[in-house]
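Q: Hey, I'm new to this one. Can you walk me through it?

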Amino acid sequence: MPKNYEIDEVDLKILSHLMQDAKTPYTEIAKKVYVSGGTVHVRMKKLEEMGVVKGTTLQLDYAKLGFDVTCFLGVYLQRSSLYDQVVTELKQIPEIVRIHYTTGNYNIFIKIHCRDTNHLREVLHDKIQKVEGIERTETFISLDESMSRPIQLS
């Protein structure tokens, strides 16, 4: 792949359609973008090689799978230099689904899914707060997710 490959309007349109529904066949996207199915395939391959497209995921309703509590956790580190070490440990906790290195009050902000508040207490007490380098945490329980969407590219 050429190093000077630039993302153009066609790439953005292809990505926009796939962000709405990643299961959409390339042939269907090709019709909407007015290119061939092969063009969509080649461009997606290039975008994957560039690291723009990192894979596809399913959006799940965690509550319907028995995970009724979603929360966010602000994490204070003993020292910012412990970030990599702490993240390595946090990645081993299956209930954690997102980890962000942040500015502001917290060093790290994470998203967690748990079955109930007892499960959340176990995750906090028995897993997260035992990670070496974490000074303290602050928990925010989500009452409702009103919106989750990709950004508009074109």
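**A first look around**

A: Sure, starting with one pair: Tyr 76 stands opposite Arg 136 in β4. Strands here are DSSP runs of E with at least two residues, helices are runs of H or I with at least four, and both are numbered from the N terminus.

Q: Anything I should know about the model before we go on?

A: It's a predicted model, where local features need pLDDT of at least 70 and side-chain atom pairs count only at pLDDT 80 or more, while totals for chains, interfaces and linings use all residues. Residues are numbered from 1 along each chain as its sequence is written, and side-chain values use heavy atoms, with hydrogens and water left out.

Q: Ok, how many bridges join β1 to β4?

A: Eight, and β1 (residues 69-77) runs antiparallel to β4. Two strands count as paired if DSSP finds at least two bridges between them.

Q: And in what order do the strands sit in the sheet?

A: The order is β2-β3-β1-β4, four strands in an open sheet with antiparallel pairing. β2 (96-101) and β4 (134-142) are the edge strands, each pairing on one side only. From one strand to the next, the twist averages 20°.

Q: Which strands does α4 lie across?

A: Helix α4 (residues 83-90) lies across β1, β2, β3 (108-114) and β4, and runs at about 5° to β3. Axes are lines fitted to C-alpha atoms, for helices over the stretch in contact, and angles go from 0 to 180 degrees between N-to-C directions.

Q: What comes after α4?

A: There's a loop between α4 and β2, and Glu 95 lies in it.

Q: Is Glu 95 buried or exposed?

A: Buried, because its relative accessible area is 9%; the cut-offs are under 20% for buried, over 50% for exposed and partly exposed in between, using a 1.4 Å probe and protein chains only.

Q: What does it touch?

A: Leaving aside neighbours within four places in sequence, the contacts of Glu 95 include Lys 111, His 113, His 119 and Val 123. Contact means heavy atoms within 4.5 Å.

Q: Switching to the other end: which residues of α1 are buried?

A: Asp 11, Ile 14, Leu 15, Ser 16 and Leu 18. What covers the buried residues of α1 includes α2 (26-33) and α3 (37-50).

Q: Any annotation there?

A: An unreviewed UniProt entry places "domain: HTH asnC-type" at residues 7-68. That span is 55% helix and 0% strand, with its end C-alpha atoms 40 Å apart. UniProt positions are in the numbering used here, feature names are shortened, and annotations may be inferred rather than shown by experiment.
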